Amino acid sequence: MSLGELIRRRREEKKLTQDQVADRVGISKQYLSNIETDRIKNPPSDGVIERLEEKLKFPPGQLRKMAHMARTPMDIRAEHESLTAEVEKLRSVLKQLLAGREKTTGGAKLNAIARRLKSAKSNVSDILSAGRTVPIINKVSAGYPHHFTDLDYPPSVADEYIRCPDVHDSQAFAAHVVGDSMEPKYAAGDLVIFSPNTQVRSGDDCFVRFTADSSTTFKRFYSAKGGKIRLQPLNDKYPTEMYDREEIDGLWPAVMRIERIGKA
């Protein structure tokens, strides 16, 4: 969701007109309309952004971070995201090394390094970031259940990351779609972001992990009678599957799809 869309949605949730918000913020109705429809070349000034945050009851700093990100040149933003990903990887590895070494001299030194990395990440993110850098951990089969691996990395660590401005789940992960059972909505090669901390609802498209062998699949989830779980492909050539709840180890809803360009 863009900065303008977020402002428009909050204004509508508050049942305020553009005239009312523009008057309270001290800008013209036309300028507010241009902001909401993303027709302005550059984001509003910090003063306007802060007044919008105040009048529309946003958490302090939320819009400002998004505006700062939008003003940041793409090459600098890409470099920041790469560095952030590397810091995140180092922090996760250090966290693993710290286990059981808290009382040793080496452990104390590692603790100090971890604190400095955390501080450095926080300071940079406060200036530039919006959303999270999400690890792309592997591929998920949109067909029959397929063995899944997280590449043996610590949680939230991978070789490749993607910045997702609207995703704030610290455990979010991404996977490329393999197969065609979720066509036409999802095609092979598309990147799907999954959010383990988002409550799953009947009708959600989910990353599914099976209890027996930890294999996974990508299907639409429905609650069925008798406590059953129905996994529904979107492609009619694949059958619907029914499972007992204890057969499913995890259901994580998809929250974003990034379409692959130039499909074969």
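A nonpolar core is a set of buried Ala, Val, Leu, Ile, Met, Phe, Trp, Tyr and Cys residues joined through side-chain atoms within 4.5 Å, where buried means under 20% relative accessible area (1.4 Å probe, protein chains only). The model here is predicted, with local features needing pLDDT of at least 70, side-chain atom pairs counting only at pLDDT 80 or more, and totals for chains, interfaces and linings using all residues. Residues are numbered from 1 along each chain as its sequence is written, and side-chain values use heavy atoms, leaving out hydrogens and water.

**Exercise 1.** Find the largest nonpolar core and the helices that supply it.

Solution. Start with the residues that have the most contacts inside this 18-residue core: I7, L52 and L63. Next, look at the helices (DSSP runs of H or I, at least four residues, numbered from the N terminus): α1 (3–13), α2 (18–25), α3 (29–36), α4 (46–55) and α5 (62–71) each provide at least two core residues. Then turn to I7: beyond its neighbours within four places in sequence, its contacts (heavy atoms within 4.5 Å) are L32, I35, E36, L52, L56, F58 and L63.

**Exercise 2.** Work out how α2 packs on α3.

Solution. First list the partners: Q18, D19, V21 and A22 of α2 meet K29, L32, S33 and E36 of α3. Sorting these residues gives three nonpolar, two polar and three charged. Now for the geometry: the two helices pack at about 105 degrees, with axes 9 Å apart. α2 is therefore roughly perpendicular to α3 (65 to 115 degrees).

**Exercise 3.** Identify the buried residues of α3 and their cover.

Solution. Pick out L32, S33, N34, I35 and E36, which are buried in α3. Their cover includes α1, α2 and α4.

Note on methods. Buried means under 20% relative accessible area, exposed over 50%, partly exposed in between (1.4 Å probe, protein chains only). Axes are lines fitted to C-alpha atoms, for helices over the stretch in contact, and angles run from 0 to 180 degrees between N-to-C directions. Angles under 35 degrees count as roughly parallel, over 145 as roughly antiparallel, 65 to 115 as roughly perpendicular and the rest as oblique. Ala, Val, Leu, Ile, Met, Phe, Trp, Tyr, Cys and Pro count as nonpolar, Asp, Glu, Lys and Arg as charged, and the others, Gly among them, as polar.
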